[in-house]
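User: I am new to this structure and would like to learn how to read its features one at a time. Please explain the general idea in each case before turning to the example.

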Amino acid sequence: MLARVWRAAWRLEQPEKERDRALASARAGGVSVRKAAKAAGLSPTRVHQLTKDASADVQEAVLAELRAAGWPAAY
């Protein structure tokens, strides 16, 4: 029973991690906070919070974690 809850929680976290990675990548590529926020449906303040500490090492660590967990998932 708890394994099912864990899997559901994990599946909910994955899109957020991918969104955060995409935002960090966009910011690193020169996209403005406002444009990234509009594309993500978030406030510029929230995008800044999510991306201010994103370095290449952090992004790669997140990608490695996602890949180890089977991302991208086959549907």
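User: Is Glu-65 buried, partly exposed or exposed, and why?

Analyst: Please keep in mind throughout that this is a predicted model. The idea is to compare the relative accessible area of a residue with two cut-offs: under 20% is buried, over 50% is exposed, and values in between are partly exposed. Glu-65 has a relative accessibility of 44%, so it counts as partly exposed.

User: With which residue does Glu-65 form a salt bridge?

Analyst: The general idea is that side chains of opposite charge can pair when their charged atoms come close. Here the partner of Glu-65 is Lys-17, and the closest N and O atoms of the pair are 2.2 Å apart. The pair links distant parts of the chain, since Lys-17 belongs to helix H1 and Glu-65 to helix H4 (residues 56–68), with their positions 48 residues apart. Lys-17 also counts as partly exposed, because its relative accessibility is 23%.

User: How many salt bridges does the structure hold?

Analyst: The structure holds 3 salt bridges. Another of them joins Arg-21 to Glu-18, with the closest N and O atoms 3.1 Å apart. Both Arg-21 and Glu-18 lie in helix H1, and their spacing of 3 residues is about one turn of the helix. Glu-18 has a relative accessibility of 21% and therefore counts as partly exposed. A further salt bridge is formed by Arg-19 and Asp-20, whose closest N and O atoms are 2.9 Å apart. Arg-19 is partly exposed because its relative accessible area is 28%, and Asp-20 is partly exposed because its relative accessibility is 23%.

User: Which elements make up the secondary structure of the chain?

Analyst: One counts the helices and strands, then reads their order along the chain. In this chain there are 4 helices and 0 strands. Read from the N terminus, the order of elements is α-α-α-α.

User: At what angle do H1 and H3 pack?

Analyst: To describe how two helices pack, one considers the angle between their axes and the distance separating them. For H1 and H3 the angle is about 90° and the axes are 9 Å apart. The two helices are therefore roughly perpendicular to each other. On the H1 side, Arg-19, Asp-20, Leu-23, Ala-24 and Arg-27 take part, and they meet Val-47, Leu-50 and Thr-51 of H3. Sorted by class, this contact has 4 nonpolar, 1 polar and 3 charged residues. Arg-19 and Asp-20, listed in this contact, also form a salt bridge with each other.

User: Where does Ser-25 lie, and how far is its C-alpha atom from that of Thr-51?

Analyst: Ser-25 lies in helix H1. Its C-alpha atom is separated by 8.9 Å from that of Thr-51, although the two residues are 26 residues apart along the chain. Ser-25 counts as partly exposed because its relative accessibility is 36%.

User: At what angle do the axes of H2 and H3 cross?

Analyst: The same reading applies here. The axes of helix H2 (residues 33–40) and helix H3 (residues 44–51) cross at roughly 105° and come within 8 Å. H2 and H3 are therefore roughly perpendicular to each other. Their contact involves Val-33, Arg-34, Ala-36 and Ala-37 from H2, together with Pro-44, Val-47 and His-48 from H3. By class, it comprises 5 nonpolar, 1 polar and 1 charged residues. Val-47 of H3 appears both in this contact and in the contact with H1.

User: Is Gln-14 buried or exposed, and why?

Analyst: The cut-off for burial, under 20% relative accessible area, is what matters here. Gln-14 has a relative accessibility of 9%, so it counts as buried. Gln-14 is located in helix H1, which covers residues 2–28. A polar atom of its side chain lies 3.1 Å from the backbone oxygen of Trp-10.

User: What share of the residues of the chain count as buried?

Analyst: Of the 75 residues of the chain, 17% count as buried. A related reading concerns contacts with a separation of 6 or more in the chain: residues 24 or more positions apart account for 53% of them.

Key: Residues are numbered from 1 along each chain as its sequence is written. This is a predicted model: local features need pLDDT of at least 70, side-chain atom pairs count only at pLDDT 80 or more; totals for chains, interfaces and linings use all residues. Side-chain values use heavy atoms; hydrogens and water are left out. Buried means under 20% relative accessible area, exposed over 50%, partly exposed in between (1.4 Å probe, protein chains only). A polar contact is a pair of N or O atoms within 3.5 Å; within protein, one must be able to donate a hydrogen and the other to accept it, and residues adjacent in sequence count only if both atoms are side-chain atoms. Axes are lines fitted to C-alpha atoms, for helices over the stretch in contact, and angles run from 0 to 180 degrees between N-to-C directions. Angles under 35 degrees count as roughly parallel, over 145 as roughly antiparallel, 65 to 115 as roughly perpendicular and the rest as oblique. Contact means heavy atoms within 4.5 Å. Ala, Val, Leu, Ile, Met, Phe, Trp, Tyr, Cys and Pro count as nonpolar, Asp, Glu, Lys and Arg as charged, and the others, Gly among them, as polar. A salt bridge is a side-chain nitrogen of Lys or Arg within 4 Å of a carboxyl oxygen of Asp or Glu.
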